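Student: Could you walk me through this model while I have the coordinates open? I'd like to go one topic at a time.

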2 protein chains.
Amino acid sequence: MTTVKEVCRLAGVSTATVSRALKNPELVSAKTRERVFKAVQESGYRPNMLASSVKTGKSNSLVVLVPNLSNPFFLRIIQGIEQAAHEQGYSVLLGDTQGEPAREHEIAGMVLSNRADGLIHLDHSFPFSANDAHLAERVPVVSVCERIMGDKEFPVIELDNYAATRSLAKHLVNYEHQKFGIIAGQKDSQIHLDRLAGIKDVFASEGISFDDDMIVGGAYSIEMGQQGVRDLMAKDNRPTAILCFNDDIALGAVFELKRMGIRVPQDVSVVGFDNIKVSAFIDPPLTTIDQPAHEMGRKAVEVVLQIINGVPLKRSREIFPYNMLERESSGPVNPDF
Amino acid sequence: MTTVKEVCRLAGVSTATVSRALKNPELVSAKTRERVFKAVQESGYRPNMLASSVKTGKSNSLVVLVPNLSNPFFLRIIQGIEQAAHEQGYSVLLGDTQGEPAREHEIAGMVLSNRADGLIHLDHSFPFSANDAHLAERVPVVSVCERIMGDKEFPVIELDNYAATRSLAKHLVNYEHQKFGIIAGQKDSQIHLDRLAGIKDVFASEGISFDDDMIVGGAYSIEMGQQGVRDLMAKDNRPTAILCFNDDIALGAVFELKRMGIRVPQDVSVVGFDNIKVSAFIDPPLTTIDQPAHEMGRKAVEVVLQIINGVPLKRSREIFPYNMLERESSGPVNPDF
DNA sequence: TGGTATATTGCAATCGATTACATTATAACA
DNA sequence: TGTTATAATGTAATCGATTGCAATATACCA
């Protein structure tokens, strides 16, 4: 591999000059600069990023922890992250944890071993091992769309989940629905509680009775949506409206309802959450909450870089606006169902 | 940050011993080893990966070039890559190029600057800039699902695209279809040619006339599928069967056909390619070619690591088996359409 | 117990950059 | 032209690890 030495030889200057010519050209005379550039060109020299990182102490990369790469919603966030990071000269390390704590610890450890300067977490778990917990104090961490559990409060980029599900619930209540079902994702997270609270508060103020028995689910997947529908429809008071805590669940729910011969939305209304791309193109198009995932990803980079650079944060919680998209999967209640 | 020095101090040994205790424990006596471990524990020491990478010359990471992160098919490949990489102690750098050559060059440059040891390319473009082309000679590169254009032949992990589209075409011909439309993705790639050849050869041997005029498209997106359907249906001889070159296109095609009041598959059959997750859950479920994307991603890692480690490759082209999934978006021709 | 083989450990060079400090060249000015 | 301020360059230390070689400690054997 060609190193700076080779360039020195070709240009007849010292390593210091080469380094300066490339990083701080203004410190080097125009003549020498040209000579160095030509030597770089000739030799095909590329500075060894790792070596410079050792010296500067910055790896110029961020690591992103994803609970499950197959969820297309995360993709939009990651895309935003990747773009913003690149604009700032950072590269993105990807870690798919599959929800396994061991993997999380391992990947989060990258920040501790100088492989990454900061961590963006797309899940609610505390990503470090108990052993490393105290080390995590000094590590730049931001979470997106979820709040990280545990003692330490990390900055978070999120949606007003409470208000968003309120909107959804009101939307359905306006259509005269009285009997509801909920297919949730992971139930141990803060966003689950927020979303549930939003719904229940609407029910309470509208005088709609709701039993926790009508909450099913447990994972953010299409299959969970199918299973959830089967569970709900087996109950005594079948719901006429189903709130799904993400679009994958809603997709599965719609699919399963239709398979069972139940019409959407004529018999049962279904609403989702996230607005993944396909939601607009299924039959019927899904009523859902649009999260500005791309922008949220970008914001996460902005915030984590502020922490890295020691810029004080204006606030530790960035709340993004949501947008309820009323499409055709929800409609007036069917009294005969 | 705690460095090896701190551990030395606590354990009362030299840096060499600490390094060995951690990397080659068998070279250190049990007693000292324990002392070192305890010191590591106490100090919360984490070896600086970058520093060790400088010395060893290996970054232990791979960079993945994705043309467009919003295509869910890539996700499955990336997931396979990420898993396999992690199992081998490698981490994955993600680069979303958005098809922009400048971005590609920049990201591919990571391998040249020692930031990554190898490159996995999910597109057909030659990823290096003209300037770096000669440097690319010594760089471990593998492509997945696409063949990289240019003089140099890189190892490739791919499907037998020719045979796969043959199967699709035969499947439709068996249903007595005579009038076909194709909605393609990027038309300048090898896989496009392979897929087209497969279809045309079936047509030729079956005596079906086909005009290139019936090939529309140009991008692998849902919107392209919609546009493609509009283009095809505006033609004099409307097709009764449409071959889409990926599932996103097919999704858009099905959506648009239904929107136009054309039934799928009763009036028009639609087939896709890739088998993304949702394809099984739309209405109607999509007939498509299942690519073992996850396995292909894993294979890509295996191959690129072989190149990195100087293990001679058995073959430079790994062909994976495809699987045609006959679902409900395709059926017998409707003579009255 | 003495001597050799082997297991442990430390010293110091090294990886490929960056950068503080020292030195030399150039410019500016009286 | 001599002096001083400034620009340009070089020397060598440094970042935090790894590792070849040398030195020392222990084990083994006669």
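Tutor: What follows takes the two chains, the DNA strands and then some local details in turn. This is a predicted model, in which local features need pLDDT of at least 70 and side-chain atom pairs count only at pLDDT 80 or more, while totals for chains, interfaces and linings use all residues. Residues are numbered from 1 along each chain as its sequence is written, and chains are lettered from A and ligands numbered from 1 in the order in which they are written.

Student: OK, what turn and shift lay chain A on chain B?

Tutor: A turn of 180 degrees with a shift of 0.0 Å along the axis lays chain A on chain B with an RMSD of 0.1 Å, where copies are superposed by least squares on the C-alpha atoms of residues with pLDDT of at least 70 in both. The two copies are thus related as by a two-fold rotation axis.

Student: Which C-alpha of chain A is nearest the axis?

Tutor: That of A:Leu93, which is 2.2 Å from the axis. A:Leu93 also stands opposite B:Leu93 in strand 2 of chain B, and strand 2 of chain A pairs with strand 2 (residues 91-96) of chain B in the antiparallel sense over three bridges. Here strands (E, at least two residues) and helices (H or I, at least four) are DSSP runs numbered from the N terminus, and two strands pair if DSSP finds at least two bridges between them.

Student: And how many residues are in contact across the two chains?

Tutor: 40 residues of chain A are in contact with 40 residues of chain B, contact meaning that the C-beta atoms, placed from the backbone, lie within 7 Å. Helix 5 of chain A gives the most to the side of chain A that touches chain B, with six residues. That side divides into 21 nonpolar, eleven polar and eight charged residues, with Ala, Val, Leu, Ile, Met, Phe, Trp, Tyr, Cys and Pro counted as nonpolar, Asp, Glu, Lys and Arg as charged, and the others, Gly among them, as polar.

Student: Switching to the DNA, which residues come nearest to strand C?

Tutor: Of the 26 residues around DNA strand C, the nearest are A:Thr3, A:Ala16, A:Ser19, A:Asn48 and B:Ala16, a residue being near if its C-beta atom, placed from the backbone, lies within 6 Å of the strand. Helix 2 (15-23) and helix 4 (49-56) of chain A, along with helix 2 (15-23) and helix 4 (49-56) of chain B, each supply at least two residues of that surface.

Student: What about strand D, which come nearest there?

Tutor: Around DNA strand D there are 26 residues, of which A:Ala16, A:Thr32, B:Thr3, B:Ala16 and B:Ser19 come nearest. By class, the surface near DNA strand D has eleven nonpolar, eleven polar and four charged residues.

Student: New topic: is B:Glu206 buried or exposed?

Tutor: B:Glu206, which lies in helix 8 (residues 190-206) of chain B, is exposed because it has 12 other C-beta atoms within 10 Å. On this scale 20 or more such atoms make a residue buried, 12 or fewer exposed, and anything in between partly exposed, with C-beta atoms placed from the backbone.

Student: Last one, which residues of helix 9 of chain A are buried?

Tutor: They are A:Ile222, A:Met224, A:Gly225, A:Gln226, A:Gln227, A:Gly228, A:Val229 and A:Leu232. What covers these buried residues includes strand 6 (180-184), strand 7 (215-217), strand 8 (241-244) and helix 10 (247-259) of chain A.
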